[in-house]
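Please look at the sequence and the structure shown below before reading on. The report that follows takes up the contact between chains, then a patch on the surface, and lastly some backbone angles.

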Amino acid sequence: MAAVLVAIGRFGEYFMAYLDGTSAPDVGTIRDTYVAQVQKRRLYSGLALLVFVLLMVSGFNVADDRNAGGFWDGLHQVGDYPAEVLSEAWERRASLPGLMWKYFPSLIETINIAAVSTIIGAMIGLLLSLLSTRGLAKWPRLIPVFRRCSDIMRAIPEIVIALVLIFVLGGGPVPAMIAIAIHTAGALGKMFSEVAENADLKPIEGLTSTGATWAQRMTLAVLPQIAPNYVSYTLLRFEINIRASAILGFVGAGGLGYELRNSMAWGPGRFGEAAAIFILLFGTIVFFDQLSSRFRNRLTEGQGQ
Amino acid sequence: MTTVDISAVKSSAETLIQRKRLMAFGLPAIVLAYFTYIFFAFDIAGLAQRADLDKAITLASDSWSHKVHVTRTNRTGEMTYAFEGERKGEYPEGERPAWVSGTDIIEIDLGDGHIVRLLSENRTEIVVPNFGTITAQAEGRIVTTNLGDDIPDWINASDRRVTVTTDGGRVTMTGTKTEVFNYFAGWELFWFTLESPYYGVGIGKILFGPQIDADRSNIAGAVSDWWNNPMWRHKDIAWAIGETILMAFLGTMGAAMIALPLAFLAAKRFSPFMVIRAATRRLFDFVRGVDALIWTVVLSRAFGPGPLTGALAILVTDTGTFGKIFSEALENVDSKQIEGVASTGAKPLQRYRFGVIPQVVPVLLAQILYFLESNTRSATIIGAITGGGIGLMLTQAIQTQKDWEEVGYYIVLIIVMVMFIDWFSGWLRGRLIGKKG
């Protein structure tokens, strides 16, 4: 848009110059400026690329130095552990269904953590987004406050809250649930408010004229407009949260991750357990990814995404 | 003009409204039912018993305050004064806090009239306003007090150990030692530890005052003492944060560099062979589905703990995600530009370079920068698992269960780090592809 305005402005200048009788700049000058611009641009891109390559190479070296095992030493060992686990699991393939059944309750717990925290997070995120969008906010002056609120909630990694809450509440699903819900609320609050900004304000005006309260305006005029996008983002978050809840289990917050850490600690001889958990986790993630992407496609159909 | 069949419209409208009503009441009902199930599945009712409120209070108060331990070893009568009771925070020989006085009888002023006197022969006297004076005598392994049977709840007394917690501080007496904790607000020794010559010197004096340490200039000495502070370990923390950001950076950028060529193979427009397309897509799905957690576990077996393992775990997972997003972006490329470039006689590679890349670069950059921010958070968590970066330091600090002020410090730093990366990636996106909207 700005570029068009500038172009119109330029044209106007040339036109005025033409009316004044002075001549517009000739083709040669235009070409020279263009070539100079291109060269300058190339120089900058080249420099940026150089800086990027330097950062990557030196970053890699630093990371390699500070790692316990080197990259080149470890590279050929990458397959060893999976091969060990898989071969042992293959030897005991008869016991795998039993083991998977044994860990099924943990899997349910992991999914439950993700689902509850997504629902709670989405509800808080919805409120935050409505309160921090211009035109919809109940208290327009407090918009920056709610924005910062969701920024901070989004910035806190789940593990921080989870570890602190595990200390206070003891292990189990609740700390993970609260931690993920807080992060989800912040993340969805931001995404939702981007959607809400594009909501049509006319239905709100219509409802306002009938004397509707803020809550009524939001539920009847705004929600129906933004619901498909909200649900789509929430489903996307659910996918992310399943992964997060598995990872948090690994640091002590119940569910499949916790069982994985325990089974890993036993080492060889119990790899059947680890393999069963790997399969469950992989299957769950792929299943919910597919399910939610199908739903999301249906929801956002015809919206030109 | 035909009349509209009103009854049909009405009935269809009614069914629609019925359905909406069902949704409006059904959805909350389902959510409510689910929450009820969760209430029992997660044993929320039992949470009240498991939750330890004392821990929460300790955590909340310790994260912004510090305590000074005054310890008398009963056998030798030796006195030590130390911040947080740590060796690194000990007062140098012959020095002690200003609120401790006396030589034979050591008097500790805990403020507001709370006074603790360490008398000879391992006797201790605690003056508590509005209560009286508590005296305790340590003999062998037994502690005897003048308290009767009626003991208030802020005193915890047994034969072996007596703990008195007042507003001013806490006194613990056992047969072997008497410890007095005096609490203060703020993070003490955050700048300099006691052995540093700059401890307790104001910023004005450091900047403009006379030289404090003969060997070093004031600013250089102060910066180096702060940087090498053994209590707060600013240098290690800076390295840890650097490691975390490095993991996110290497992982994200490496994934993008690997995913871009693969995405061409997975996009219908650029990859004519169905088999290759399907294989690449399944590969993306696979590495995405295995998830960062399992990759971290597998890779740390091969590479050992450290930032490189974390970076590689992020790299592998995100290669799948980026591959998917990039190939979708490539499918949506406008073919007119490519035709235009082709009409000038461009070869295939040139067609990609000038016809395709300029179209997809904004989408790709936006995604990469968005992932950089989200991966900084992931790197914190992965670091806690593989052992690298600020995530590891945080986990260790929480597991020791006593350095809550350090936990508070790390949490603040992590939030600042993530917000900085968020701001930085937004800024870079603005510079590279223009502002949104």
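## The interface and other local features

Across the interface of chain B and chain A, 14 residue pairs are found in polar contact, with both residues of each pair at pLDDT 80 or more. On the side of chain B that touches chain A, the largest share, 14 residues, comes from helix α7 (residues 274-303) of chain B. This is a predicted model, and in it the contact draws on 63 residues from chain B and 64 residues from chain A. Together the two chains bury about 5700 Å² between them, and 76% of this area lies on carbon and sulfur atoms. The rule also finds four salt bridges across this interface, and a salt bridge joins the side chains of E243(B) and R66(A), with a distance of 2.4 Å from N to O.

On the surface, L43(A), Y44(A), L47(A), L50(A) and L54(A) make a nonpolar patch of about 550 Å². Of these residues, L54(A) lies in helix α2 (residues 27-66) of chain A, and L54(A) counts as exposed because its relative accessible area is 55%, where the cut-off for exposed is over 50%.

Most residues other than glycine have a negative phi. Two residues of chain B that are not glycine have a positive phi instead, and the table sets them out with their locations and accessibility.

| Residue | Phi | Location | Relative accessible area |
|---|---|---|---|
| D43(B) | about 55° | loop between α1 (6-41) and α2 (44-50) of chain B | 38%, partly exposed |
| D291(B) | about 80° | helix α7 of chain B | 3%, buried |

Terms used. Residues are numbered from 1 along each chain as its sequence is written. Chains are lettered from A and ligands numbered from 1 in the order in which they are written. This is a predicted model: local features need pLDDT of at least 70, side-chain atom pairs count only at pLDDT 80 or more; totals for chains, interfaces and linings use all residues. Side-chain values use heavy atoms; hydrogens and water are left out. Patches are made of residues with over 30% relative accessible area and no salt bridge: like charges are joined within 9 Å, nonpolar side chains (Val, Leu, Ile, Met, Phe, Trp, Tyr) within 5 Å. Accessible areas come from the Shrake-Rupley method with a 1.4 Å probe; for residues, only the protein chains shown count as cover. Helices (H or I, at least four residues) and strands (E, at least two) are DSSP runs, numbered from the N terminus. Buried means under 20% relative accessible area, exposed over 50%, partly exposed in between (1.4 Å probe, protein chains only). Contact means heavy atoms within 4.5 Å. Buried area is the accessible area (1.4 Å probe) that two parts lose on being put together, summed over both. A polar contact is a pair of N or O atoms within 3.5 Å; within protein, one must be able to donate a hydrogen and the other to accept it, and residues adjacent in sequence count only if both atoms are side-chain atoms.
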